[in-house]
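Time to open the notebook and go through this one piece by piece. I'll look at how some helices pack, then hunt for holes inside.

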Amino acid sequence: MEKLMRLISVAPLLLLICLPFAFAGHDYNQALSKSILFFEAQRSGYLPHNQRVTWRANSGLNDGKASGVDLVGGYYDAGDNVKFGLPMAFTITMMSWSLIEYGKQMAANGELGHALEAVKWGTDYLIKAHPEPNVLYGEVGDGNSDHYCWQRPEDMTTDRHAYKIDPSNPGSDLAGETAAAMAAASIVFRRSNPAYSSELLRHAYQLFEFADKYRGKYDSSITVAQKYYRSVSGYNDELLWAAAWLYQASNDQYYLNYLGKNCDSMGGTGWAMTEFGWDVKYAGVQTLVAKFLMQGKAGLHAPVFERYHQKAEYFMCSLIGKGSRNIQKTPGGLIFRQRWNNMQFVTSASFLATVYSDYLTSSRGNLNCAAGNVASSELLSFAKSQVDYLLGDNPRATSYMVGYGNNYPRQVHHRGSSIVSIKADPKFVACRQGYATWYTRKANDPNVLTGAVVGGPDAYDNFADERDNYEQTEPATYNNAPLLGILARLGGGHGGYNQLLPVVVPAPNPVVAKPKPAPKPKLTPTPASSSSPIVIEQKMTTSWDDKGKTYYRYSTVVTNKSYKTLKDLKLSISKLYGPLWGLTKSGNSYGFPMWLNSLPAGKSLEFVYIHSASPADVSISSYNLA
């Protein structure tokens with residue numbers, strides 16, 4: 001560090017003193033890989049030959065048999081061995097949305113194939129669970145008998161009764177969410193598996209019609225779900241949610257009209273939300289409809305869609321503390337909604353903030369809050385702050401993702417991870433024996449549940465790593481699903497394309513991605529469209545070692561290649577872990593230095609920064625040519 005300080009002036013020195021953690025940062029790509037791996041630990045059914053979580057084995061092989069239907073497969077929702085249809089479908093919807101928005105970044109990270117497999121493991125099951133147009137199986141097993149036992153999935157002796165909805169016992173929320181999942185996944189597989197994509201869309205059409213025609217709450221029909229996944233919000237939000245996804249998947253005007261005509265009666269333009277999750281979908285609907293409006297697809301519904309848009313912005317403003325009613329946060333800055341599994345709301349809300357930030361950037365818009373106009377980059381910064389807290393930047397310096405960092409939960413409330421693997425010890429673990437031998441055991445889990453995001457801390461940032469503390473140490477699939485998209489975005493940058501244009505998820509590379517080498521000091525141009533009038537080029541100009549760490553100095557040149565004068569330039573810079581000179585920071589974006597207010601045609605400006613990592617991600621947020 002002494003060598004670094006000799007090379008820079010006193011003012012930057014003060015900056016470094018004030019930012020002791022400036023060189024830290026998180027490996028978002030590693031966190032993404034681990035987050036996807038978690039879904040393999042949650043698999044039910046016959047495990048495939050390429051299963052990477054090797055301490056798991058086949059389970060639930062007779063699911064559905066007593067009802068005359070094959071319900072083998074799918075995901076266990078959390079730390080238990082029940083397959084709950086509503087949160088499973090929401091998980092698949094959010095995984096699919098993550099891929100739709102940031103599939104290119106996942107491909108660059110080598111994780112696209114694994115992410116597609118995670119989605120397909122869920123949709124394969126949902127197809128099985130929908131054997132007839134107006135029949136959908138919404139649960140296998142029941143929470144009461146399951147929670148009485150503490151067993152590995154491979155040893156289950158609990159009741160595996162299958163519960164369904166049909167015209168006599170409707171469940172519009174369950175069918176609607178499942179339609180949304182199928183529709184979203186159909187977009188995901190459109191390029192890589194078009195026949196499968198068409199099959200998913202066909203199921204989505206049928207499920208939406210079933211949900212809309214035979215209305216009712218699913219937990220009034222599948223009453224055993226009430227204690228665990230009660231549909232408090234009812235089914236109107238899921239009907240709108242499904243319509244939005246079906247429109248995005250099919251471009252069928254019927255679903256756009258549905259959103260326009262039912263906006264008031266179903267609450268789409270009435271509910272101003274401060275939460276988003278497996279039960280309450282309004283904020284998600286409002287975000288999608290705002291996207292349609294920005295895309296210019298609203299047509300005659302533009303006035304109505306503007307009201308959806310206003311409610312979406314209400315939600316976003318509440319997240320960053322600039323709304324008329326702001327969401328509660330812990331002293332350490334984490335969103336706090338409830339004691340039990342609070343992290344589900346953190347990841348879901350942060351995902352909406354991430355995509356909405358990119359929608360605004362692509363439309364060159366700002367966020368309109370009660371406190372005034374806010375730059376779109378502030379939403380992305382907020383999402384990053386939540387993810388960084390989750391990964392360890394918090395008062396306890398605890399990572400709430402198992403297996404990431406050094407200080408993460410070791411006694412997770414999860415049957416499979418807390419009991420020795422059946423492959424290591426095939427001796428049967430009986431129902432109550434598991435509690436006596438494994439649940440109460442004050443020791444680390446024998447199997448690391450890599451990538452699992454647990455419930456997290458309380459309202460005061462406190463956390464107890466204890467297996468019986470299910471409110472804080474139990475993971476869930478719907479905690480991870482939205483996180484995939486945020487991590488891909490933070491790890492891979494924006495990608496240089498308009499987020500409002502149709503994005504096709506690429507087909508996965510059949511070659512297994514190899515580990516990436518450590519960064520090498522070399523010329524690294526920032527990706528940019530060849531047709532862009534503004535060109536950004538970066539290069540490493542010098543490097544040095546200090547106390548075992550290599551520091552790099554990067555020069556970044558911004559060139560105006562247009563025939564007009566460049567004004568009001570705003571740059572977005574992420575993955576920057578050190579001091580920067582030559583730009584003026586405003587909020588979470590960077591503009592011209594104080595001595596410059598425009599850049600004539602053909603001219604360039606240069607700025608520099610120092611940190612101990614690969615080049616920062618530099619992209620253009622907005623500009624004007626006059």
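**Entry 1: α11 and α13**

I started with helix α11 (residues 253-261) and helix α13 (residues 302-319), whose axes come within 9 Å and cross at roughly 70 degrees. So α11 runs roughly perpendicular to α13, since angles of 65 to 115 degrees get that label. I noted the hand of the crossing too: α11 passes α13 left-handed. I should say here that what I'm looking at is a predicted model.

Which residues of α11 meet α13? I found Leu256, Leu259 and Gly260 on the α11 side, facing Val304, Phe305 and Tyr308 of α13. Sorted by class, this contact has 5 nonpolar residues, 1 polar and no charged.

**Entry 2: α4 and α7**

Next I looked up helix α4 (residues 85-109) and helix α7 (residues 172-188). Their axes cross at roughly 25 degrees and come within 8 Å. The label for angles under 35 degrees is roughly parallel, and α4 and α7 therefore count as roughly parallel to each other. Their crossing is left-handed.

I wrote down who touches whom. From α4 come Gly85, Leu86, Ala89, Phe90, Ile92, Thr93, Ser96, Leu99 and Ile100. From α7 come Asp173, Leu174, Glu177, Thr178, Ala180, Ala181, Ala184, Ala185, Ile187 and Val188. The class split for this contact is 13 nonpolar, 4 polar and 2 charged residues.

**Entry 3: α10 and α12**

Then I turned to helix α10 (residues 236-250) and helix α12 (residues 282-294). They pack at an angle of about 30 degrees, and their axes are 9 Å apart. That makes α10 roughly parallel to α12. I checked the hand of this crossing as well, and α10 and α12 cross left-handed.

On the α10 side I listed Asn236, Asp237, Leu240, Trp241, Ala244, Trp245, Tyr247 and Gln248. They meet Tyr282, Gly284, Val285, Leu288, Lys291 and Phe292 of α12. I sorted the residues of this contact into 9 nonpolar, 3 polar and 2 charged.

**Entry 4: the largest cavity**

Now for the holes. How many cavities of 30 Å³ or more does a search of the whole structure find? It finds 2. I took the largest cavity first, and about 50 Å³ of space lies in it.

Its lining includes Ala41, Gln42, Arg56 and Tyr76. I also picked out Ala78, Gly79, Asp80 and Asn81 in the lining of the largest cavity. Pro153, His414, Arg415 and Gly416 are in that lining too. By class, I get 4 nonpolar, 5 polar and 3 charged residues around the largest cavity.

**Entry 5: the second largest cavity**

The second largest cavity has a volume of about 30 Å³. I found it lined by Ile36, Phe39, Glu40, Arg43, Arg52, Tyr75, His114 and Ala118. Two or more of its lining residues come from each of α3 (28-41) and α5 (112-128).

Which element gives the most to this lining? I found that α3 does, with 3 residues. The class split for the second largest cavity is 4 nonpolar, 1 polar and 3 charged residues.

**Entry 6: looking back**

My quick recap of the crossings: α11 with α13 is left-handed, α4 with α7 is left-handed, and α10 with α12 is left-handed. For the cavities, I have about 50 Å³ for the largest and about 30 Å³ for the second largest.

How values were computed
Residues are numbered from 1 along each chain as its sequence is written. This is a predicted model: local features need pLDDT of at least 70, side-chain atom pairs count only at pLDDT 80 or more; totals for chains, interfaces and linings use all residues. Side-chain values use heavy atoms; hydrogens and water are left out. On a 1 Å grid over the protein atoms alone, a cavity is a set of points where a 1.4 Å probe fits but cannot get out, and a pocket is an open set with protein on both sides within 12 Å along at least five of seven lines; lining residues have an atom within 4 Å of a point. Grid points are joined across faces, edges and corners, and a volume is the space filled by probe spheres set on the points. Ala, Val, Leu, Ile, Met, Phe, Trp, Tyr, Cys and Pro count as nonpolar, Asp, Glu, Lys and Arg as charged, and the others, Gly among them, as polar. Helices (H or I, at least four residues) and strands (E, at least two) are DSSP runs, numbered from the N terminus. Axes are lines fitted to C-alpha atoms, for helices over the stretch in contact, and angles run from 0 to 180 degrees between N-to-C directions. Angles under 35 degrees count as roughly parallel, over 145 as roughly antiparallel, 65 to 115 as roughly perpendicular and the rest as oblique. A crossing is left-handed if the near helix is turned anticlockwise from the far one by less than a right angle, and right-handed if clockwise. Contact means heavy atoms within 4.5 Å.
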